[in-house]
Amino acid sequence: MTRRLSARAGAPGARILGFGDYRPRRIVTNEEISQRVDTDDEWIRTRVGIAERRFAGDDESVVDMSVAAAGKALATSGVLAQDIDTVIVATCTPPAPIPGLAPEVAHRLGIASAGAFDLNAACAGFCYGLASAADAIRSGSSQNALVIGAEKLTDWTDQDDRGTCIIFGDGAGAAVVTATDSPGIGPVVWGSDGEKSRAISVADRSSFMEMDGRAVYRWATTQLADSAHRACKLAGVDISDIDVFVPHQANLRIVDSMVRTLKLRDDVAVARDIVTSGNTSSASIPLALTAMIERGEVKTGDTALLLGFGAGLTFAGQVIICP
Ligand code: UT7
């Protein structure tokens, strides 16, 4: 006889209670980079939109940055570490594949015995993590989750390759997600195109990142708008209801192209954190949102559209209600 197993009943919805970030101390300007490789401030600002980025030092590991960002998110949300039961670290730049970083992050935060795992969906990682946390809460596996996007991309970037060294930076962002009656995280629209898996890759453990920037640029500016519209539809909102747009910070021209294609309202608050943070992969969305909240550009209750995309190729987008 095939047994019928019982399922756990979860909360009707999940929502974000607070964000936190960690930005490494060292600021690296375009001028500094142009002393090493053949580039200049004007090219970088015009083609990518970056003025400066942060490089992590030896005492700023992916775990260190995750712990700092998550500690701030916990303080902002008012949730105690002991009440967190799930820790997800989205990263594509762990120093080694084993062990995963999430258990150590949980331990250092004083979270005992949490479900803890790493997730690699590259620059879409934070949105994948948020969706996983929300689904875990809706299915009853979790009550309070920490979702962290953290990267030390400089470990995997050839600082003599002007095609990549100008773009990438380091940092971490985090969100505390909790069970709620009224959903504050809409259904995710996620997907991938593995045919383009070589567009951004690290060949082996002794290699640096290689990127076909033009191919990724074309894909991001032509293929993702439909997914953003579907994320809105699934959340039951119209694109005209969106108050805040936070796409992955890959290139300011990609951000501006998406704003035009999506026909967002003129008064929408758009994340442009890339100008001072560079491209921080899975950290870019929570880094940007934390800064926008702290500057007062985003208010409690605002409706925000998040859209992550990158290596894989992977993408994921969802609508959230801002804490
Ligand atoms: O987060 C993961 C997802 N990643 C992305 O979404 C990245 C998307 N792609 C991009 O952001 C852009 O493609 C880049 C910023 C990476 C490159 O900008 P581009 O406008 O696509 O430049 P390109 O690669 O087409 O290169 C144009 C020219 C080339 O010279 P030639 O062949 O035309 O003589 C490059 O050698 O610009 C040259 N170039 C540079 N010149 C000065 C490339 N990098 C640099 C540089 N400084 N740093």
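**Exercise 1. Find where the ligand sits, and which residues are closest.**

Start with the site: the ligand sits in the largest pocket. A pocket here is an open set of points on a 1 Å grid over the protein atoms alone, where a 1.4 Å probe fits, with protein on both sides within 12 Å along at least five of seven lines. Sitting in one takes more than half of the molecule's atoms within 2 Å of its grid points.

Bear in mind that this is a predicted model, with local features needing pLDDT of at least 70, side-chain atom pairs pLDDT 80 or more, and totals for chains, interfaces and linings using all residues. Numbering runs from 1 along each chain as its sequence is written, and side-chain values use heavy atoms, leaving out hydrogens and water.

Next, the shell: 21 residues surround the ligand, and the closest are Thr 39, Arg 214, His 248, Asn 251 and Asn 279. To be near, a residue needs a heavy atom within 4 Å.

**Exercise 2. Sort the shell by class and by helix.**

By class, you get 11 nonpolar, five polar (Gly counts here) and five charged residues. By helix (a DSSP run of H or I, at least four residues), α2 (41–47), α6 (213–223) and α8 (252–262) each supply at least two. α6 gives the most, with four.

**Exercise 3. Work through the arginine contacts with the ligand.**

Take polar contacts as N or O pairs within 3.5 Å. Arg 214 puts a side-chain N or O atom 2.3 Å from a ligand oxygen. For Arg 162 the corresponding distance is 2.9 Å. A polar side-chain atom of Arg 47 also lies 2.9 Å from a ligand oxygen.

How values were computed: A polar contact is a pair of N or O atoms within 3.5 Å; within protein, one must be able to donate a hydrogen and the other to accept it, and residues adjacent in sequence count only if both atoms are side-chain atoms. On a 1 Å grid over the protein atoms alone, a cavity is a set of points where a 1.4 Å probe fits but cannot get out, and a pocket is an open set with protein on both sides within 12 Å along at least five of seven lines; lining residues have an atom within 4 Å of a point.
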